[in-house]
Amino acid sequence: MHRLYKILFCSAVCLFLVSGCALLEQSAQPPPRPWVSVIVKSTQSTFWKTVQSGVKAAANEYNLQYTFEGPLSEEDAETQNKMINDAVARGAKAIVISAIDAEALKPTLENAMQAGVKVIVIDSNVEAKGISVRVGTDNYAAGQAAAKELLEAQPETKCIGMVGFDVRTENGQARERGFVDAIEKDGRAQIVEQIHSPSDSAQVQSATRGMLRRQPKLDAIVTFNEITTLGVGHAIEEMKCKERVHVVGFDNNVVSVGMLESGEIDTLIVQNPFAMGYLCMTNAAMLLNNKPILEPEITTEIRAIRRDNMYSEENQRFLFNFTENT
């Protein structure tokens with residue numbers, strides 16, 4: 001009997017120790033990382049891939065989980081609304097959004113904020129009550145910078161064509177307003193035609209080709225995002241008119257930088273998408289850790305880069321920031 005008691009006692013002690021170790025192991029597990037849903041206009045362009053690089057860097061630094069998604073088309077606001085609702089339903093603690101259509105997304109974002117989700121806007125603004133932080137380019141000033149660059153680099157310009165993207169997108173409209181106001185204030189040139197095209201380079205190329213044929217006196221074109229810049233550049237190359245038509249575009253990738261070098265594009269207004277991605281996640285971390293936000297409105301830098309200054313040391317970090325994401 002004594003032997004049996006000893007065996008039972010030892011078994012009980014072992015069970016207690018094993019249970020204790022299991023509890024210690026469970027308590028040693030780190031708490032789940034807060035999840036931030038990043039919803040952008042598209043995940044295909046170099047601009048958005050560079051934003052994602054900034055998001056990833058800050059998420060690693062601040063121990064955040066994140067998803068990075070966007071519709072196939074930069075005109076598909078309905079899919080963005082679905083992504084927002086899905087993020088709320090799945091428990092996202094914060095949403096970072098670059099809105100295709102500010103008005104269409106406003107009610108959905110307001111519902112998300114009422115559910116306790118923090119909202120940070122990047123790149124393209126939404127005027128909704130309760131948004132915690134806005135990060136991005138001063139788009140009106142960027143449009144004015146494009147006008148200044150055109151008029152200073154090409155002072156004999158008389159007839160300008162404008163190629164815009166989705167008319168519902170706040171950042172595109174702000175850039176156009178800034179450009180138009182600066183051109184009208186200067187008074188030396190006039191805008192003879194303005195067109196809008198979906199953010200598809202082949203469609204932009206076709207639309208630009210039509211404008212060049214309708215406007216034989218056109219001597220300058222301005223366009224306002226990465227995809228439209230590519231389409232305009234391809235049209236200039238196709239029509240063999242790079243000596244006659246001065247082009248100011250936005251953003252940068254391998255192809256547009258090549259066009260800057262070879263002359264189809266004369267100036268690129270380059271933003272800082274890595275900073276946008278990094279700063280939106282830095283602020284998400286502060287919000288989710290109940291720390292005060294220092295700057296609710298954060299303006300990221302732009303640079304006007306031309307062929308004659310594209311290889312300067314100060315411009316290279318802006319122009320050559322192509323990043324592959326895994």
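# A tour from the parallel sheet to Gln-271

Begin by selecting residues 118–122 and 133–136, which are strands S4 and S5: the two run parallel and are joined by three bridges. Within this pair, Ile-122 of the first strand can be found opposite Val-135 in S5. Please keep in mind throughout that the model is a predicted one.

**The sheet around S4 and S5**

Now widen the selection to the whole sheet, an open arrangement of six strands in the order S2-S1-S3-S4-S5-S11, with parallel pairing. At its edges stand strand S2 (65–69) and strand S11 (297–299), and because each has a single partner strand, one side of each is left without a neighbour in the sheet. If you look along the sheet, neighbouring strands are turned by 15° against each other on average, direction ignored.

Next, select S3 (94–97), which is joined to S1 by four parallel bridges and to S4 by four bridges, again in parallel. Ser-37 stands opposite Ile-95 in S3, while Ala-94 has Lys-118 of S4 opposite. Is S3 covered on one face or on both faces? Both faces are covered, since Ala-94 and Val-96 on one side are buried, as are Ile-95 and Ile-97 on the other.

**Helices to display with this sheet**

Show helix H10 (273–288), which lies across S1, S2, S3, S4, S5 and S11 and runs at about 165° to S4.

Then select helix H3 (residues 77–89) together with helix H4 (residues 102–114), whose axes come within 10 Å and cross at roughly 0°. With angles under 35 degrees counted as roughly parallel, this crossing makes H3 roughly parallel to H4. To see the contact itself, display Ala-77, Gln-80, Asn-81, Ile-84, Asn-85 and Val-88 of H3, which meet Ala-104, Leu-105, Thr-108, Leu-109 and Ala-112 of H4.

**The second sheet**

Move on to another open sheet of six strands, ordered S7-S6-S8-S9-S10-S12, in which the pairing is mixed. Here the edge strands are S7 (190–196) and S12 (303–306), each of which pairs on one side only. From one strand to the next, the twist averages 20°. Select S10 and S12 to see an antiparallel pairing over four bridges, in which Thr-267 stands opposite Arg-306 in S12.

**Gln-271 and its surroundings**

Following S10 (267–270) onward brings you to Gln-271, which is found in the loop between that strand and helix H10. Is Gln-271 buried or exposed? Gln-271 is buried, with a relative accessible area of 2%, and this follows from the cut-off, because buried means under 20%. Which side chains make polar contacts with the side chain of Gln-271? One is the side chain of Thr-137, at 2.6 Å, and another is the side chain of Asp-251, also listed at 2.6 Å. Leaving aside neighbours within four places in sequence, the residues in contact with Gln-271 are Phe-47, Asp-123, Thr-137, Asn-139, Arg-175, Asp-251, Met-276, Glu-301, Ile-302 and Phe-318.

From that list, select Asn-139, which has its place in helix H5 (residues 139–153) and is buried, with a relative accessible area of 6%. Not counting residues up to four places away in sequence, Asn-139 touches Asp-123, Glu-170, Asn-171, Ala-174, Arg-175 and Gln-271.

Asp-123, another residue in contact with Gln-271, is found in the loop between S4 and S5, and at 6% relative accessibility Asp-123 counts as buried.

**Two residues with positive phi**

Stay with Asp-123 for a look at the backbone, where phi has a positive value of about 70° although the residue is not a glycine. Most residues other than glycine have a negative phi. For a second example, select Asn-290, where phi is positive and near 55° in a residue that is likewise not a glycine. Asn-290 lies in the loop between H10 and S11 and is exposed, with a relative accessible area of 73%, whereas Asp-123 is buried.

**Zooming out**

Finally, display the whole protein chain, which has 11 helices and 12 strands, and in which buried residues make up 51% of the 326 residues. Among contacts with a separation of 6 or more, residues 24 or more positions apart account for 71%. Switching to a surface view, the chain exposes about 15,800 Å², of which carbon and sulfur atoms supply 53%.

Definitions and conventions: Residues numbered from 1 in each chain as written. Predicted model: local features only at pLDDT ≥ 70, side-chain atom pairs only at ≥ 80, totals over all residues. Heavy atoms only, no water. Buried < 20%, exposed > 50% of the residue type's maximum accessible area, 1.4 Å probe, protein only. Polar contact = N/O pair within 3.5 Å; in protein donor to acceptor, adjacent residues only side chain to side chain. Contact = heavy atoms within 4.5 Å. Pairing = 2+ DSSP bridges. Axes fitted to C-alpha atoms, helices over the stretch in contact; angles between N-to-C directions. Areas by Shrake-Rupley, 256 points an atom, 1.4 Å probe, with all protein chains shown as cover. Parallel < 35°, antiparallel > 145°, perpendicular 65-115°, else oblique.
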